[in-house]
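Me: I have a structure open and would like to learn how to read it, feature by feature. Could you walk me through it?

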Amino acid sequence: MSNDAQVTFLTQDAYDRLHNELEHLSTTGREEIAKRIEAAREEGDLKENGGYHAAKDEQGKQEARIRTLQQLLKDAKVGEAPESHGVVESGTVVTAVIAGGEERFLLGNREIAADSELDVYSEASPLGAAILGLKEGDKGSYTAPNGKQIAVEIVKVETYSGQ
């Protein structure tokens, strides 16, 4: 897999929001969870201590989120959404007929559209990989997880406006 496939487009707002979340989790978040673990540890027997185990589980989830954010921000391409030229690419809004029904969605990372009602499909998903590079009017297909071939026709490709 090339490095280009790992680059994620982010708007400046999305980058700032994720960077702030990372800062909070890496500092205050870690301090808060450490205090909760220590308080639960002081309650005694760790084998049957539900509060301790819950805090440790939360710590694991938080550390996973920190790693995810670090990787995402490290590989992010920050800026305006790519201007649509009728070609499906990361960061564009696509209207497509999929298995006979029309859908409108953003192709990219779900973190881009956190405040949007749009569905988001990754470029690495079967649908995303099948339509990446297609132009308006092009047809293609992808294999669904159940093994069926799903027909796709690109109706419209738009610049993502943040909504």
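The dialogue below takes up confidence, a helix, strands, loops and cores in turn.

Me: Where should I begin, and how far does the predictor's confidence go in this chain?

Reply: This is a predicted model, in which local features need pLDDT of at least 70 and side-chain atom pairs count only at pLDDT 80 or more, while totals for chains, interfaces and linings use all residues. Residues are numbered from 1 along each chain as its sequence is written, and side-chain values use heavy atoms, with hydrogens and water left out. pLDDT is the predictor's confidence in each residue, from 0 to 100. Here the chain has a mean pLDDT of 86, and 93% of its residues reach 70 or more. Over residues 1–5 pLDDT stays under 50, and the model has one contact for them beyond four places in sequence; contact means heavy atoms within 4.5 Å.

Me: How do I read a helix, and what span should α3 have?

Reply: Helices (H or I, at least four residues) and strands (E, at least two) are DSSP runs, numbered from the N terminus. The expected span of a helix is 1.5 Å times one less than its number of residues. Helix α3 (residues 50–74) has 25 residues, so it should span 36 Å, and its end C-alpha atoms are indeed 36 Å apart. At its N-terminal end, N49 acts as a cap, with a side-chain oxygen 3.2 Å from the backbone nitrogen of G51.

Me: Which residues of α3 are buried, and what covers them?

Reply: Buried means under 20% relative accessible area, exposed over 50%, and partly exposed in between (1.4 Å probe, protein chains only). The buried residues of α3 include Y52, R65, I66 and L69. Their cover includes β1 (8–10), α2 (12–41) and β2 (76–78).

Me: How are the strands paired, and which strands does β3 pair with?

Reply: Two strands pair if DSSP finds at least two bridges between them. β3 is joined to β7 by seven bridges, running antiparallel, and I98 has V152 as its bridge partner in β7. β3 also pairs with strand β4 (residues 101–107) in the antiparallel sense, over six bridges. Across that pairing, V94 faces F105 and V97 faces E102. Together β3 and β4 make a hairpin with two residues between them, and A99 in the turn has a positive phi of about 50°. Six of the seven residues of β3 (residues 92–98) are buried, so this strand is largely enclosed by the rest of the structure.

Me: In which sense do β4 and β5 run, parallel or antiparallel?

Reply: β4 and strand β5 (residues 119–121) run parallel, joined by three bridges. F105 has D119 as its bridge partner in β5.

Me: Now the loops: are E111 and A144 buried or exposed?

Reply: E111, in the loop between β4 and β5, counts as buried at 8% relative accessibility. Beyond its neighbours within four places in sequence, E111 is in contact with A14, R17, L18, R65 and L72. A144, in the loop between β6 (139–143) and β7 (149–159), is buried as well, with a relative accessible area of 14%. A144 is 17 residues from L127 in sequence, and their C-alpha atoms are 8.3 Å apart in space.

Me: Finally, which residues touch the most other members of the largest nonpolar core?

Reply: A nonpolar core is a set of buried Ala, Val, Leu, Ile, Met, Phe, Trp, Tyr and Cys residues joined through side-chain atoms within 4.5 Å. In the largest one, with 17 residues, L10, L18, L106, I112 and Y160 touch the most other members. β1, α2 and α3 each supply at least two residues of this core. A second, separate core has 15 residues, among them I98, L107, I131 and V157.

Definitions and conventions: A polar contact is a pair of N or O atoms within 3.5 Å; within protein, one must be able to donate a hydrogen and the other to accept it, and residues adjacent in sequence count only if both atoms are side-chain atoms.
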